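Please open the structure in a viewer and keep the sequence at hand. The tour below proceeds by selection, with a short account of what is found at each stop.

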Amino acid sequence: MIARSFDDQMESILRGRHGDPFSFLGLFEADKTVTVNVFAPDAGEVWVTDAKGRTLAQLEKVHAEGFFSSVIPGKKKRFDYRLRMQAGEHEWVRDDPYRFGPVLGELDEYLLGEGRHEELYTKLGAHLVQHEGVAGTSFAVWAPNARRVSVVGNFNAWDGRRHPMRRRGASGVWELFVPDVSRGDSYKYEILGVHGHLQPLKSDPVGFRAEQSPGTASIVEGRVRHTWTDDGWISGRPQDLRDKPVSIYEVHPGSWRRGDGDTILDYATMGDLLIDYMTEMGFTHIEFLPLSEHPFTGSWGYQPIGMYAPTSRFGTPEQFAQMVDRLHGANIGVIVDWVPAHFPSDAHGLAQFDGTALYEHADPRQGFHKDWNTLIYNFGRREVANFLRSSAIYWLKDLHVDALRVDAVASMLYLDYSRDDGEWIPNAYGGRENLDAIDFLRGTNAQVELAATGAATIAEESTAFPGVSRPIEEGGLGFNFKWNMGWMHDTLQYMAEEPINRKYHHDKMTFGLVYAFSENFVLPLSHDEVVHGKGSMLGKMPGDRWQQFANLRAYYGFMWAHPGKKLLFMGGEFGQEREWNHDRSLDWHLLDDPAHDGVRRLIADLNALYRGEGALHERDCDPAGFQWIDGGNKDDNVFSFIRYGHDGTDPVVAICNMAPVVREEYDTGVPSSGVWQEVLNTDAAAYGGSGTGNPAPLHASDEGMHGQPARISLTLPPLATIFLKGTSSLP
């Protein structure tokens, strides 16, 4: 290889083309002399000093653009030096980044190159460190096809010539320690792509904090510094939630509540209000729509760019951590939506990161989602899979989140998802399954189980792909739970029918029990059901105003009685009337109306009943936990069934009358004779109902019915769900 001349290398630095700056900048020993080369366009004069500040030599300015170089008199080998600079009347001292050795070790380089650094966020990104006795920030980024990578920011006038980075061998990682760069400084990466063209400035893929929109720079933050107080919560998390009550309140933090002047709440204020409200309402978990940093507010977070950065819209990562800690202190679990299915093509993001399709597929038949106008990760590339897996671990370990709800899993599983013939490429066996994505999901779930004890993953998966929530060793994907989208669609379709027509759609309410235990299900009434012209939950219900509220209450009663964990999007718990708008607060003033407040009271009481009665949650995922009493009474629009818990837990009977008529002396089978009590009635006056029901104890005879050993006669209120329990265990 022909050695490059001094002038050639200097010109390469000045033009931002040098890909190996440590071979030319800094201090060099040769022929018993020491030379220092410095590029400092902001300086008029530069001196080299020793560690004690004694001046050793003034460097010669060998180029008008600010390149300085000289032999240091009296020095024959490497020594610890500083740079004293002057421009006009201003003088300052700084450390030369090019006098420091690497920050990353050889093992880090190896693991990063192999795609097996499961906590790569401990090395990539911007980290506040003491390196070789000097305070500063270490930067590291993966850009294997780049010719040159520089860190630019407010500390170097965003000039990519000043801080070109060191390439770490075949791993494709570039790193640089920059002294004196501190927390709060903004930065990006300037990348000279594989074809010699400068890329748009890129934010840090492993940045821990970002500028508030519309800014797009990363901010030096380091890993979260919070002193956690939730050790008891984390260590006490159950290994298996299937037999535990899980009632999830899904929240879009920007529109749940607003402050004075319609201001967006910060994490601290939001946390205070959520703790009080969640405690009052009895939900076990809160689920936030994606909090990963995202450029477009209208995406609700589902087009993320900063997979390691809690969005700055609501505060700093530290403030987010404080909120999580306080929620745990109030015995509230925290779930966040996590989006590895796709990413936006914004210029400052991951698209064409180093001038190539690095994170995405190059072929749009594999790498582009036309539904969302977004790019698809190349899950088969080990470094990309590692990047995403590590993001999941970061949210669970460093930010103490309890579960990740993985968005759009169906779009990951199928190569032909939302594609016409000729628009997709089959897998190696000619099939439509995305084998790389399947391996990635299994690998992520396996790593979560190893790295974050008691943490869970939940799949939003809308097809019949088998074994989504089955263990990996049994051939499943390894998720803990799966959203039951079929149940949601079918039951909402039934509820939208006028009661006179419901008998023709009776199976919409019963079909879900055919497959209710094929997966570990969450029953979701999510944000997706109250946007894009779908109206509100209340607005889906037929009839006059009274009937709409009664239908909604009856439906919620059916949902809370049905096997499966529960999820309700904000506003649904008090009967929000208008469709959700992410730019507005929920209509909390509606709670002044007794009908709306009645729905809220009902949800709180349903949560209390669900948590308090083992029969309603202990066998949510076990077919032994459910038995029909009468699932075929379509002419009366009545559904009746029994929920069972573990051995020794008393059963609960649920009866749903989805007709707007009172049914007196309605006979039904029950699992035992004796005295039964109505423990919840969605038609109670306290909820805004008619008050029809069974306030007095009910006596079940030994005469069997519906295959049950006993029979009971009761009153079914109109458009209502009632819960019955034997009095042997009542207080």
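Two strands are taken to pair if DSSP finds at least two bridges between them. The model on display is predicted. With that criterion in place, the tour may begin at a sheet near the start of the numbering: select β1, β2, β6 and β5, four strands that form an open sheet in that order, with antiparallel pairing. β1 (26–30) and β5 (60–63) stand at the edges with a single partner strand each, so one side of each has no neighbour in the sheet. From one strand to the next, the twist averages 30 degrees.

Remain with β1 and add β2 (residues 33–39): the two run antiparallel and are joined by five bridges. Within this pairing, A30 stands opposite T33 of β2.

**The whole protein**

Now display the entire model. The protein has 14 helices and 35 strands, and its C-alpha atoms fill a box of roughly 110 × 55 × 45 Å along the principal axes. Of its 731 residues, 60% are buried. Among contacts with a separation of 6 or more, 71% are accounted for by residues 24 or more positions apart.

**The barrel**

Next, select β16, β17, β20, β23, β24, β25, β26 and β27. These eight strands run in that order as a closed barrel, with parallel pairing. On average, and with direction ignored, neighbouring strands of this sheet are turned by 25 degrees against each other.

Which strand pairs with β16 over four bridges? Strand β16 (residues 247–251) does so with β27, in the parallel sense. Here E250 stands opposite F569 in β27.

Add helix α10 (residues 485–496), which lies across β25 (481–483) and β26 (521–525) and runs at about 45 degrees to β26.

**The nonpolar core**

Select L525. In the largest nonpolar core, which has 176 residues, L525 is one of the residues that touch the most other members, together with F139, F288, Y359, Y377, W395 and Y556. Leaving aside neighbours within four places in sequence, the contacts of L525 include W487, M488, L492, Y556, L567 and F569.

**Aromatic rings**

Rings provide the next stops. A pair of aromatic rings is described by the distance of the centres and the angle of the planes. A search of the whole structure finds 43 aromatic pairs. In one of them, Y121 and Y308 are tilted, at 6.2 Å centre to centre with 50 degrees between the planes. Y121 lies in the loop between α2 (106–114) and β9 (125–131), while Y308 belongs to strand β19 (residues 306–310), so the pair ties together parts that are 187 residues apart in sequence. Both Y121 and Y308 are buried.

Move to F574 and W588, whose ring centres are 5.0 Å apart and whose planes meet at 45 degrees, so this pair is tilted. F574 and W588 are 14 residues apart, each in the loop between β27 (565–569) and α14 (594–612). F574 is buried, as is W588.

To view a cluster, select Y121, W142, F208, Y308, F353, Y359, F387 and Y394, which ring pairs link together.

**Charges over rings**

The final selections each combine a charged residue with a ring. The charged end of K75 sits over the ring of F79, 4.8 Å from the ring centre. R257 lies over the face of W256, at 4.9 Å from the centre of that ring.

How values were computed:
Residues numbered from 1 in each chain as written. Predicted model: local features only at pLDDT ≥ 70, side-chain atom pairs only at ≥ 80, totals over all residues. Heavy atoms only, no water. Axes fitted to C-alpha atoms, helices over the stretch in contact; angles between N-to-C directions. Phe/Tyr/Trp six-rings, centres within 6.5 Å; stacked < 30°, edge-to-face > 60°. Buried < 20%, exposed > 50% of the residue type's maximum accessible area, 1.4 Å probe, protein only. Lys NZ or Arg CZ within 6 Å of the ring centre and 35° of its normal. Core = buried A, V, L, I, M, F, W, Y, C linked by side-chain atoms within 4.5 Å. Contact = heavy atoms within 4.5 Å.
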